[in-house]
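Biologist: I'm new to this one and would like a close look at a single part. Could you pick a strand and walk me through its surroundings?

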Amino acid sequence: MSQKETPLFTSLLNHAEKNPIQFHIPGHKKGSGIDPEFREFIGDNALSIDLINIGPLDDLHSPKGIIKQAQELAAEAFGADHTFFSVQGTSGAIMTMIMTVCGPGDKIIVPRNVHKSIMSAIVFSGAIPIFIHPEIDRKLGISHGISTDSVEKALEQHPDAKGLLVINPTYFGFAADLKKIVEIAHSYDVPVLVDEAHGVHIHFHEDLPLSAMQAGADMAATSVHKLGGSMTQSSILNVKEGLVSSKRVQSIISMLTTTSTSYLLLASLDTARRRLSIEGREIIDRTIKLAEWIRGQVNDIEHLYCPGEDLLGTNATYDFDPTKVLISIKDLNITGYEVEKWLREEYNIEVELSDLYNILCIITPGDTQKEAEILVQALRELSKEFHHLAEKVHAEVMLPDIPLLALTPRDAFYADTEVVPVEESEGRIIAEFVMVYPPGIPIFIPGEIITEENLIYIKTNMEAGLPVQGPEDDELKSFRVIKEHKAIR
């Protein structure tokens, strides 16, 4: 088949045109049974292809027809041996990767700045995480990738690891030397799993970091909806045969996937693949130029700094994706959260992320010069409005400590627990996750010893208004910890 074809989407259109009488779910029956206001807004076209896995439309759990064809076209486009569509987002694809290679007691080497879905998969699988410290940028207050040296050291100490997980690129656009990391891991016969949630576009432009498949990785969970033009919650899992079995992947992803798969999401993956494969370089080239224009404009604004290629030079910041526009606002002496609120209230602008020291804007083929100019104008006004507070901040910014892991995350999660006030929790072993979301990188994971430094970090984020999530107590006045069994007197 040609990359111009969309076997899945085209078949859905043909099926809708036949207008069959439906005695199957979904119960809204092409929209006639849905709320009228919602139907008017969403449109009959969308509702007509909101279907399920009936005979003519194939089955994501055992694809043999149009879904199989669509996945084969995606594999060709992304340079994979096999591609699996995910309607559980990239989180579902990440969990599939880890549970494909790891079982109870198996080791997996991971950076500590991983997304919560990775730690959730480690809990589910019963794997033992071997943490690599990511390179820290204390000027910006962010984590970068992992170095080739740290990968080599981890594999020397743990050659029996069942997998190595790498983030490529990071949320903030920086990439490690993935090809070298793959070479090192493969010399130990260890498969490389890549969290490529923010890198669907990098495969389609030579000026961007190498994609997971280009670097020779074994599996990559790739978020098409974030930057590739598909609908929210739709992603893919790319696989190369060798150290990983595609049949095992199919079995695991099926276990984790709803049987009521959304054909709207699947069709959007099919069409996004077509556009990326045919027009990808052209549209991504425009996106890169727009992002670089914004970066240049921001760096001319007093008190603001937008990093880019100037940070390259270590093997944890080996390459860079310019479409991630990270703006350091710490010299304005206000928090990123305050900037996010100001932009929303004053300019109706929504950003991807804010933290204590930065905001992150993601530039995609959906952006134009018009939106870019509004953003730049807003940032100029921001600098003027808060100029009276500004000062050069020389102190190193606060970052969460990486606590000691005392129990495996699974053992801690399912252990005998009790709830204690946060102020009495230092030194205890936590049994739940605590994170700021976005980006969803845990401050604590189940099994780690609670430290004073991280309690201060949590408190600082909460006082700044940032979204600290995870614990059962959503007011964060208490934590669930491992119950201590004291001696009987």
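Modeller: Here is a walk around one strand and the sheet it belongs to. Keep in mind that this is a predicted model. Let's take strand E12, which covers residues 324-328. Is it buried or exposed? Buried counts as under 20% relative accessible area, and five of the five residues of E12 are buried, so the strand is largely enclosed by the rest of the structure. You can check that face by face: Lys 324, Leu 326 and Ser 328 sit on one side, Val 325 and Ile 327 on the other, and all of them are buried. So both faces of E12 are covered.

Now for its partner. E12 is joined by five bridges to strand E14, residues 358-362, and the two run antiparallel. If you want a spot to find on screen, look for Val 325, which stands opposite Cys 361 in E14.

The pairing carries on from there. E14 is also joined to E13, this time by two bridges, and again the strands run antiparallel. Here the residue to look for is Leu 353, which stands opposite Leu 360 in E14.

Put together, that gives an open sheet of three strands, in the order E12-E14-E13, with antiparallel pairing. E12 and E13 (353-354) are the edge strands, each pairing on one side only. So our strand is at an edge of its sheet, yet the rest of the structure largely encloses it, because its five residues are buried.

Definitions and conventions:
Residues numbered from 1 in each chain as written. Predicted model: local features only at pLDDT ≥ 70, side-chain atom pairs only at ≥ 80, totals over all residues. Heavy atoms only, no water. Buried < 20%, exposed > 50% of the residue type's maximum accessible area, 1.4 Å probe, protein only. Helix = DSSP H or I, 4+ residues; strand = E, 2+ residues; numbered from the N terminus. Pairing = 2+ DSSP bridges.
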